[in-house]
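This briefing goes through a few local features of one protein chain. Please look at the sequence and the structure below before reading on.

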Amino acid sequence: MRPARAVTHRLAPWRGKRAALPPGKRGRIVVWAIGLGLVAGAIDLPLPAEDAFRALRATVKMHPADGEVLVVLLDDKSLNAIGGNEPSRGQDAQLLERLFAMGANRVFFDRVYADPTDLHEDRKLVAAFERHRGKVFVGALPQILQNDGSVVDLLPHPRFRSSVEIVSLEGQEAPFGLSASFPVKTSILGAKRRSLSAELARLEEGEGFYRPDFAIDYATIPTISYIDALNGDGFRDAVDGRDVVVAPSSHTSNDFHPMPYRWAVKKVPGVYFHVLGAETLKRGLPTNFGWLPIFFFACVIVVAQARIKRPSTRYTLLAGASFLVAPFVLDGVNISVDVMPGVICFLIASIRLQRLARNTYYGATGLQRIETMHESKMIAAKDVFALKIRNFAIISASLTPLQVEQLLQKALLMLRATNPDPQVAFHKDTFVWTRPKSMLTDAQGHLKGLHAIFRTSITIGAHAPDVATSLGLDRSYEASMRERTQNAIQSAEDAARAGEIFRVSETQIPEDRNWHLQILSELEHAILNGEVEVAFQPKVSLSTLAIVGAEALLRWTHPTRGPINPAEIIAIAEAHSRMDKITNFVLNRALSQTRLAIARDPSFMIAINISALDLHDPLFPFVVEQNLAAHRIPASNIVLEITETAQIYDEGSVALTLSALKKIGVQLSIDDFGTGHATLEHLRRIPADEVKIDQSFVMGMEASDENWMLVKTSIEMIHSLGRRAVAEGVENQTIMTMLREMGCDEAQGYHFSKPITMQALVPKLSWGAAAA
């Protein structure tokens, strides 16, 4: 064999009925996947991977050689016995006579005999060739690239050409030695000459290159040493009735090549590749279909996947397995195909389509993620609705993740009963969808009807939880979809807090929308100008009614707009990934003032809100530690309250951040429990020290037995996990008494104190009581 030369492939035109590609992102994924697969196939980019896969298949199907060809190796043992770097032509003639005397059918020399030697010695070899005319073959190598860049033909010397048959020794080694290929015929001395392997196989027809079957174990090919064959003692059975190939294999030979997936053997003489090729050709010339058939099959699968909104993982794995199984089957019927361009196309499309589905849809429920709805175009002719399951966290805490998905699927069916096949999104605990624009009275009737439908329980296995809902409607037809969905969700939240069935958001004027676009830049200027402050709302122990800590709250009074709702600031900051500046400001300002309270009461706990987005920053624990050191505040006096205003997607990185925070020594709190998608399993994974029950439940305890039960159940569940239960929104004595009877640990709300400055809070600590 010799090193590979450049081989160009001509792409056959792909004609046929054009498949209709799905629109949007899925269509772009398909186009990119097919395009990259075409490029890879056209330039043989995945050739090493293709050869490695062939070698792997060969290793799996390994079987012994048929033993019909004997290899005689001119090895170091033979050269030592002969006493030279190669045998004389007379010794080759003697070997030839010995082999035919022992019954050899034909003899092949894996040598070219390009140079003359001693005339007397050469005549001995010619005479031996003449005596066995038609049964002796020597090699030739056309188009050999020299070190100086010239190309020559390496041919038998004219002394030998007329008395011997010529075969081609040409072969090509693939990159990294993972494969090899041989021609069936080669043009030599103006005639088409069969290759050594084709002649051994007595193959009459065929053109082009083929790959030997490396599933044949070369180690089982019958082999003897040159010197043993020359002596002729005891090897008649090995020679009789076989074709014999004489080839170099000493340390002076450069005809050694790596056998794929046999690195432990290092390299083997090239003659074995020719013999493997001969046994391959005995089954017929392999049919090579190239890469286009499998690539076309991959394109069909990819297009089919893209037309499904949520490709089935089982379907994807089954299709992927076909790319691995098909070559094994085709190898068995002597058909060769290249799969890697198709695999590249399939993998790129499958991975990206699966990722798109995960980012677009909520599990297997058929519900869109709210971010997907935000990216959709504004629809002026439709209303935007939101339905909040107020007790979703409590319900989901008693269900498995699969049962939660079943709950959502049944709720989706109930929604579609009143609006066939709407595109419904889900966020935390709220469904959001659009509906054709209608009269306000009709839209309100629709909201009331939905509330009535959801008053019935939803059966999930052995569970039949009652579902508490509140609804919101947005009719701001000129706003973006992001604004409209947020308006609808906020309206549902407001309805829940007010104990109403639904609320309709007010149409937002253009000036307000412009304000949303510039709010963050104005906030930054306000922070620099000292216009933003931090207020502190006391947290009270319900057993002693003593102030045990406070929650730090952002306060910004705009020069023209007055007080700005912190929830509005947080929502916009999270949407624009700019929470870090707000968190750092509140953290630094709260700690700098907390020193006054700790000096009065060393056990005083300061609670600081952080966004779920902060937990995605691996440097956040370092920021916290730096601030604690700068203000000389013990970590044990800090509670970081994790809000669920932003979704936590990468739980792996978040878990590392939470673990680092715990190592620092700060406490963690889950804020607004009851309004987010916090299952029992989720609560167990977060190493929180306390859980805060959302004020929408607490404030409605007096008027609603349902809310009273939800709060009671929440406290029991929180205690069962070994954590403190903190109630928000305590506004009167009656609610405080209810919470004390339920065993709630701490509370905060206007009944105790509104948010105040630290200077006003510190004197209250000496009183040891909380009531204002």
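Strand β3 (residues 69-74) runs parallel to strand β15, and the two pair over six bridges. The model is a predicted one. The points below start with β15, move to one of its residues, and then turn to a helix and to the cysteines.

**Strand β15 and its partners**
- Strand β15 covers residues 243-248, and five of its six residues are buried.
- In the pairing with β3, V71 stands opposite V245 of β15.
- Strand β4 (residues 107-109) also pairs with β15 in the parallel sense, here over three bridges.
- In β4, V107 stands opposite V244 of β15.

**Residue V245**
- V245 lies in strand β15.
- Is V245 buried or exposed? Its relative accessible area is 0%, so V245 is buried; the cut-off for buried is under 20%.
- Leaving out residues up to four places away in sequence, V245 touches V69, L70, V71, V72, F108, D110, L196, L200 and V271.
- V245 and L70 are 175 residues apart along the chain, yet their C-alpha atoms are separated by 6.3 Å.

**Helix α17**
- Helix α17 has 14 residues, 440-453.
- At 1.5 Å a residue it should span 20 Å, and its end C-alpha atoms are 20 Å apart, so the two values agree.
- Which residues of α17 are buried? They are A443, H446, L447, L450 and H451.
- These buried residues cover an arc of only 135° around the axis, and therefore sit on the same side of α17.
- An α-helix has 3.6 residues a turn, so residues three or four places apart point the same way.
- T441 and K448 are exposed, on the other side of α17.
- Among the elements that cover the buried residues of α17 are the strands β22 (382-389), β24 (430-436), β25 (469-474) and β26 (502-504), together with helix α16 (401-416).

**Cysteines**
- A disulfide is a covalent bond between the sulfur atoms of two cysteines.
- How many disulfides does the model have? With a cut-off of 2.5 Å between the sulfur atoms, the count is zero.
- C299 is in no disulfide: the nearest cysteine sulfur, that of C345, is 4.5 Å away.
- C299 has 3% relative accessibility and so counts as buried.
- C744 also counts as buried, because its relative accessibility is 5%.

Definitions and conventions:
Residues are numbered from 1 along each chain as its sequence is written. This is a predicted model: local features need pLDDT of at least 70, side-chain atom pairs count only at pLDDT 80 or more; totals for chains, interfaces and linings use all residues. Side-chain values use heavy atoms; hydrogens and water are left out. Buried means under 20% relative accessible area, exposed over 50%, partly exposed in between (1.4 Å probe, protein chains only). Helices (H or I, at least four residues) and strands (E, at least two) are DSSP runs, numbered from the N terminus. The expected span of a helix is 1.5 Å times one less than its number of residues. The arc is that of the directions from the helix axis to the C-beta atoms. Contact means heavy atoms within 4.5 Å. Two strands pair if DSSP finds at least two bridges between them.
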